[in-house]
Amino acid sequence: MSIIILAAEGSAADNFGFMNAMKQGGPVTWTTAAILTIFLFFTLYILFTKIFEQQKIINQGRRVRATFWNSNSLKEGAAKLEKNSAYKQIVDDGLAAQEQHGRLTDPVEAHDWLHGSLSRSEAIINSQLGGGLAFLATVGATAPFVGLFGTVLGIYRALIGIGQAGQASIDKVAGPVGESLIMTAFGLVVAVPAVLAFNYLQRRNKAIAEHLSAFSTDVLGYLASDGAVRPAATRAAAPVKGAAVVGGTKAAAPGTTTAGQAGGVQTRV
């Protein structure tokens, strides 16, 4: 008796399983499932590649904050950076803009020229970081509707089966309705990771853009002051020789640089 029951259960699973539902759907259902599968594959591919790319720039930023401004010049500091570093690109573009300014025939303020060049460099980096996010947003917005398309077709076939049979028997309805539910679930399985990945990567890109902007401002201050203005070193600075004690703390001697406001840029006293 138990063998007969197990055989009946296996037969029912074969009749109403996932593959049987897909077979009943035909080419349209297979095409819909293939589109959603492609969406899911590229969503995961973009997510992991962008996380790797972002983490690489974050690590570069940590090394820059730790060692870059201890160099004697921008060229010396840039030489220590990785070849394809985003921070090296900003420094190289700033140095190139400084050299190009002297060859301009139309008088332009050095600050405006340098600021425009550095802003353009930032925009290029941010554009590269944002690559693929539009696809994630598109998948997150359209995948549920692609799945809904499969759902509509499944319900439509169920209604045709009922009309042909003349009665709403479960064997005529179960397959198409099950297929439609599978397509709905598949669309959500693809859409939800895409939306989460988009928001996660967007937030990390925003944080990276803020660090790049702060670094660009520091480079601009250095170039505009011929090296007199630079951010404070991240490591503890040695006491300034000749500093006077004011209110229990040492005040910097005239002619030295001190930490500025939020950007970390120093200003001359």
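This text walks through a predicted model of one protein, from its confidence values to a few residues and their neighbours.

Confidence comes before detail. The mean pLDDT of the protein is 75, and 70% of the residues score at least 70. Confidence is not even along the chain: helix 5, residues 110–129, has the highest mean at 89, while strand 4, residues 267–268, has the lowest at 36. Residues 1–13 stay under 50, and the model gives them 0 contacts beyond four places in sequence. Residues 234–269 are also below 50 in pLDDT, yet this stretch has 50 contacts in the model beyond near neighbours in sequence.

Consider next a residue in helix 7, which covers residues 170–224: alanine 197. Is alanine 197 buried or exposed? Its relative accessibility is 4%, and because the limit for buried is under 20%, alanine 197 counts as buried. Leaving aside neighbours within four places in sequence, alanine 197 is in contact with Leu47 and Leu136. Another alanine, number 137, is 60 residues away in sequence, but the C-alpha atoms of alanine 197 and alanine 137 are 9.1 Å apart in space.

Lysine 50 belongs to helix 2. With a relative accessibility of 9%, lysine 50 counts as buried. Which residues does lysine 50 touch, not counting those up to four places away in sequence? They are Gln128, Leu129, Gly131 and Leu201. With glutamine 128 there is a polar approach: a polar atom of the lysine 50 side chain lies 2.9 Å from the backbone oxygen of glutamine 128.

The aromatic residues come next. A pair of aromatic rings is described by two things, the distance of the centres and the angle of the planes. The count for this model comes to 8 aromatic pairs. One of them joins phenylalanine 42 and phenylalanine 135, with centres 6.1 Å apart and planes at 75 degrees. This pair is edge-to-face, because an angle over 60 degrees is placed in that class. The two residues are 93 places apart in the chain, phenylalanine 42 in helix 2 (residues 18–67) and phenylalanine 135 in helix 6 (residues 133–165), and the pair links these distant parts. Phenylalanine 42 is partly exposed, with a relative accessibility of 37%. Phenylalanine 135, at 28%, also counts as partly exposed.

A second pair is formed by tryptophan 69 and tyrosine 222. Its centres are 6.0 Å apart and its planes meet at 45 degrees, which makes the pair tilted. Tryptophan 69 sits in the loop between helix 2 and helix 3 (74–80), whereas tyrosine 222 is in helix 7, 153 residues away. Both tryptophan 69 and tyrosine 222 are buried. These two also belong to a cluster linked by ring pairs, together with Phe68, Tyr87 and Phe215.

Tyr87 leads on to helix 4, where it is one of the buried residues. Helix 4 runs over residues 86–101, 16 residues in total, and spans 23 Å from its first C-alpha to its last. That is close to the 22 Å expected at 1.5 Å a residue. At the start of this helix, a side-chain oxygen of serine 85 comes within 3.2 Å of the backbone nitrogen of tyrosine 87. Which residues of helix 4 are buried? Besides Tyr87, they are Ala86, Lys88, Ile90, Val91, Gly94, Leu95 and Ala97. An α-helix has 3.6 residues a turn, so residues three or four places apart point the same way.

How values were computed. Residues are numbered from 1 along each chain as its sequence is written. This is a predicted model: local features need pLDDT of at least 70, side-chain atom pairs count only at pLDDT 80 or more; totals for chains, interfaces and linings use all residues. Side-chain values use heavy atoms; hydrogens and water are left out. pLDDT is the predictor's confidence in each residue, from 0 to 100. Helices (H or I, at least four residues) and strands (E, at least two) are DSSP runs, numbered from the N terminus. Contact means heavy atoms within 4.5 Å. Buried means under 20% relative accessible area, exposed over 50%, partly exposed in between (1.4 Å probe, protein chains only). Rings of Phe, Tyr and Trp (its six-membered ring) pair if their centres lie within 6.5 Å; planes under 30 degrees apart count as stacked, over 60 as edge-to-face and the rest as tilted. A polar contact is a pair of N or O atoms within 3.5 Å; within protein, one must be able to donate a hydrogen and the other to accept it, and residues adjacent in sequence count only if both atoms are side-chain atoms. The expected span of a helix is 1.5 Å times one less than its number of residues.
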